[in-house]
Amino acid sequence: DNQIKRLGGDVLHNYGYTGKGVHVAIFDGGFLDVYRMPVFDSIYSNDRLLGTHDFVEGDDFVYESSTHGTNVLACMGSKAPHLMVGTSPDASFYLFKTEDVKGEFRIEEFNWVAALEHADSLGVDVVNSSMGYTRFRDESMSYEYKDLDGKSTLISKAANIATAKGFLFVNAAGNDGRKDWHYLAAPADVPEVLTVAAVQRDSSRAAFSSWGPTSDGRIKPDVAALGEHTAYASM
């Protein structure tokens, strides 16, 4: 209730804007247990799970590896009246696994771009991505702060093309706020990407949430939402 009201979602719901007819693609590291959770029953019973694909392993089984995508879907797509209702409980969803949770590798950017091209071919309206890349296990492949100008990294180049096509593109700012490298993670540096920071219940920045500005001096993140002690469904 708290996290929806602080975004004005309750007002939108009262006006009937619950995501009906909107197609959302979620890019994440896995969606463990989604098909077994009662809060998602209406997605399945109303045929609103439109497709899945694992761009890491090359199959369509995405219910593995991580609960992060499950949590993201819960914040949006839960529909269990009087128990938990998400921000867009009547939207339709595609679930795409692009992140290899075993480590940070440059190939994950390519997985992400492939998912984006696939989403475009499906006519997706909104892409929600919790992914972001700056530092890799092989340090020779890592980006520098100067690369966070919205147009230099591979993933940001792809996001620029996507936003030009009309996607509403929502991306996490990043989770490096506590580290020496505390900057945004690409593609959160792209001008037309809606970059979301995390805040606590008192509206102060969550310590883990990455910082702006971009290397060319633009203000990022664009907005913030509850990201610490967030309510979500789990098994």
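Student: What share of the exposed area of the protein do carbon and sulfur atoms supply?

Tutor: This is a predicted model, where local features need pLDDT of at least 70, side-chain atom pairs count only at pLDDT 80 or more, and totals for chains, interfaces and linings use all residues. Numbering runs from 1 along each chain as its sequence is written, and side-chain values use heavy atoms, with hydrogens and water left out. Accessible areas come from the Shrake-Rupley method with a 1.4 Å probe; for residues, only the protein chains shown count as cover. The protein exposes about 11,400 Å², and the carbon and sulfur share is 53%.

Student: Why does the radius of gyration agree with a compact globule?

Tutor: The radius is taken over C-alpha atoms, and the globule rule is 2.2 Å times the number of residues to the power 0.38. For 235 residues, a compact globule would have a value near 18 Å, which agrees with the protein's 17 Å.

Student: Is H82 buried or exposed?

Tutor: H82 has a positive phi of about 70 degrees, although it is not a glycine. Buried means under 20% relative accessible area, exposed over 50%, partly exposed in between (1.4 Å probe, protein chains only). Because its relative accessibility is 88%, H82 counts as exposed.

Student: Where is P213 found?

Tutor: The peptide bond from G212 to P213 is cis, with omega near 0 degrees. Strands (E, at least two residues) are DSSP runs, numbered from the N terminus. P213 is found in the loop between strand 8 (194-199) and strand 9 (223-226).

How values were computed. Helices (H or I, at least four residues) and strands (E, at least two) are DSSP runs, numbered from the N terminus.
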